[in-house]
Amino acid sequence: MNPTISIVVAIFNRRDELFELLNSLTFQTDKAFEIIIVDDGSLIDLKPTIGNFDGILDIKYFRKDNSGPGLSRNYGSKRASNEWLVFVDSDVIVEKDYIENIKKSIITTPCDAFGGADKAHRGFNLMQKAISYSMTSVFTTGGVRGNKKAVSKFQPRSFNMGVKKEVFEKVGGFSEMRIGEDPDLSMTLWENGFTTAFFDTIAVYHKRRVDFGKFSKQVFQFGCARPILNQRHPKYVKISFAFPTLFLLGYVLGFIEYFILGRGVILAFYGLYTFMVLIHAIIVTKNIAIAGMAVISTYIQMFSYGYGFLKSWILLNVFRMKPENAFPKHFHRF
């Protein structure tokens, strides 16, 4: 039996990105799917943008008060009519065989939830491509986001994630977390005995942030979320989660060593790391300008994530604060 698909998009403002996403969905080779758009209290009118696709796409539009992406996806999921829920961020673009490949993969790889990778589109600007590199590189927290070996234990992310609707409802959907709500859902699925898979044919083009300042703030929040997730799901804690913090502290220690002891042994390792990132980025992006910016975005990612993780870990484990008190903006207040 052919799987049925409901695409759920939670959006706040991002009108231009929404147009690009919907436009990419008009070219699907398999057109049997519905789209649920949940306007999470946007400050601009999204209806004219959606109206451009009347009679072209099967779209259901809902507007609600702001509650964050997770709860907005829950809202949309309750209004979806198909067997599978596919969550994508509003700032992604999909290939024309996206829906077709999802259905093929579901049939050939039985699972309760799945995810796919993200990559940079050729039309993205240099900074977007550099940030995309650092978010997916083996030299950063991105690591290997997914591969065929990760089929049974892949952690889907909500920019490109599918879940059986009945399974989603059984675990209560996304939690009240505003940041880190997608790994939280993945681990909740595992804790309830459900399986996840990685589909290597359904990558999306993910725009992410368009400047280093916004990117730094975003990954800082990701870093803050990780110790919270560690508390919620202690079974899945990994020492590698602390690597960016160790990277940050090591860099500070390197400068202390240099200015106090007059040696640069530690900083030499960072110099080697920088060189390796640059060469790898040139190979991957095939562009020296992007590679140079990728070095900067890589350090921003490591430092910002590392600082966020360190701050969160101290507040939760040293000062024994509750996550919702330490980071009230990370949680929706009912």
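The following exchange goes through some terms used for this predicted model.

Biologist: What makes the group around Ile5, Ile7, Leu25, Tyr98 and Phe114 a nonpolar core?

Modeller: A nonpolar core is a set of buried residues of nonpolar kinds, joined through side-chain atoms within 4.5 Å. The largest such set here has 31 residues, and those five have the most contacts inside it. Elements giving two or more residues to this core include β1 (5-11), α1 (15-25) and α4 (98-108).

Biologist: Which residues count as contacts of Leu25, leaving aside its neighbours within four places in sequence?

Modeller: Contact requires heavy atoms within 4.5 Å. Ile7, Phe33, Ile35, Leu57 and Val94 are in contact with Leu25.

Biologist: What makes β5 and β7 edge strands?

Modeller: Each of the two pairs on one side only. The sheet is open, with 3 strands in the order β5-β10-β7 and mixed pairing.

Biologist: How do you know that β7 and β10 pair?

Modeller: Pairing needs at least two bridges between the strands. β7 and β10 (residues 204-206) have 2 bridges, in the parallel sense, so they count as paired. Tyr205 in β10 is the bridge partner of Lys119.

Biologist: Why is the crossing of α8 and α11 called right-handed?

Modeller: The term applies if the near helix is turned clockwise from the far one by less than a right angle. The axes of α8 (residues 212-232) and α11 (residues 288-318) cross at roughly 35° and come within 7 Å. Their crossing is right-handed, so the turn is clockwise.

Biologist: Which classes of residue make up that contact of α8 with α11?

Modeller: It has 16 nonpolar, 10 polar and 2 charged residues.

Technical notes. Residues numbered from 1 in each chain as written. Predicted model: local features only at pLDDT ≥ 70, side-chain atom pairs only at ≥ 80, totals over all residues. Heavy atoms only, no water. Buried < 20%, exposed > 50% of the residue type's maximum accessible area, 1.4 Å probe, protein only. Helix = DSSP H or I, 4+ residues; strand = E, 2+ residues; numbered from the N terminus. Axes fitted to C-alpha atoms, helices over the stretch in contact; angles between N-to-C directions. Nonpolar A, V, L, I, M, F, W, Y, C, P; charged D, E, K, R; others polar.
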